[in-house]
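Hi,

Here's the structure I promised to pass along. Have a look at it first, and then my notes on the packing and the charged pairs are below.

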Amino acid sequence: MTAVIVQSLLQVEPFSQMDAAAFSPEVSLTGILQNDCRLHRLERGDIIVREGDYGSSAFLIIEGEALVSLKSIPDSILGRQPRKPKGWAKTIAQLWQNSYYPESRNYSTKKDSGAVGKRSDDSGTRVFLHDIPRVISPHDSVTLQAGEIFGEVSAMTRTPRSSTVVANSDMLVLEIRWQGFRELMQRQPTMRSHIEQLYRENSLRIHLRDTPLLQGLSAAATEEIAAAVEFESFGTFQWNRDFKSTKQKDISDRILAEPVIAGQGEYINGLLL
């Protein structure tokens, strides 16, 4: 991430809409781009994230388009081998084997299935799909274009990826590790509104149609609901800092420390999904 690359990224949304003065000298916008990000050049078919893998990065599409599978893909197709339980020796040894890069994986020892292959470059080895339409149906997928962000929920909550995302063309993707993404979300309403707007335009209606309670509605009714949706966040994404200490507290104290989403006896003015 050279100074030239960072300056070019500052001309791309949503970074071009951000106020650099909102950041501290210690954690500047240019510092986040230089130290918490890296660029990936991908080829069509490359698997960017796999459903079920734990994520620690969000991804911004700079060029090209990605395909999000709305259905689970078998592990054998994704190039994932059955997991074996680790002994204490392997668990300790792993501390010295973890990659510096958040989403880096070593595929060199994995067998190829008929649907996937491997290719290597200076940044490592990537698994790719030989035939995308055979694995991911156009009816069971969503296309993401340049400027869109994905993987942010898993990155902020450090939870498994909910979907598999594949490069649907040659791509340039910016990976943002969760520490940098957290700073962008906290200091810049532009980032939050950017993500919300993209979700409204591309994914909200699909989400509503897939919700059992709303599946029988007409297209017009779904549009009316989509227009009335409000997004809310509860709590913070810093739970991992004091999780162990909170776990030792009495259950009543733990409940008091949690954010309230809906309280008994409160007036209901909407459906929370």
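Let's start with a ring. Phe59 has a relative accessible area of 3%, so it counts as buried, the cut-off being under 20%. Phe150 is buried too, at 6%. Bear in mind that this is a predicted model.

Those two belong together: the search for aromatic pairs comes to a count of one. The ring centres of Phe59 and Phe150 are 5.3 Å apart and the planes sit at 15 degrees, so the pair is stacked. Phe59 is in strand β3, while Phe150 is in strand β8 (residues 149–150), so the pair ties together parts that are 91 residues apart in sequence.

Now the nonpolar packing. In soluble globular proteins, nonpolar side chains tend to be buried together. Here the largest nonpolar core has 25 residues, and the members touching the most others are Phe15, Leu33, Leu174, Phe181, Leu184 and Met191. At least two residues each come from α1 (3–9), α2 (29–35), β3 (57–63), α5 (152–157), β10 (171–177), α6 (178–187) and α7 (189–202). Helix α6 gives the largest share, four residues.

If you want one residue to click on, try Met191. Leaving out residues up to four places away in sequence, Met191 touches Pro14, Met18, Ile149, Phe181, Leu184 and Met185. Another core lies apart from the largest one; it has 15 residues, including Val49, Val165, Met171 and Ile206.

On to the charges. There are seven salt bridges in the structure, and I'll go through some of them.

Which residues join into one network through shared salt-bridge partners? Start from Glu183, which bridges to Arg187 with the closest N and O atoms 2.9 Å apart. Both lie in helix α6, four residues apart, or about one turn of the helix. Glu183 also meets Arg182 in a salt bridge, at 3.4 Å from N to O. Through these shared partners, Arg182, Glu183 and Arg187 form one network.

As for exposure, Arg182 is buried at 11% relative accessible area, and Glu183 is buried as well, at 12%. Arg187, on the other hand, is partly exposed at 29%.

Another bridge links Asp131 and Arg134, with the closest N and O atoms 3.9 Å apart. That distance still counts because the limit is within 4 Å. Asp131 is partly exposed, at 31% relative accessibility, whereas Arg134 is exposed, with a relative accessible area of 56%.

Cheers

Conventions. Residues numbered from 1 in each chain as written. Predicted model: local features only at pLDDT ≥ 70, side-chain atom pairs only at ≥ 80, totals over all residues. Heavy atoms only, no water. Core = buried A, V, L, I, M, F, W, Y, C linked by side-chain atoms within 4.5 Å. Buried < 20%, exposed > 50% of the residue type's maximum accessible area, 1.4 Å probe, protein only. Contact = heavy atoms within 4.5 Å. Phe/Tyr/Trp six-rings, centres within 6.5 Å; stacked < 30°, edge-to-face > 60°. Salt bridge = Lys/Arg side-chain N within 4 Å of Asp/Glu carboxyl O.
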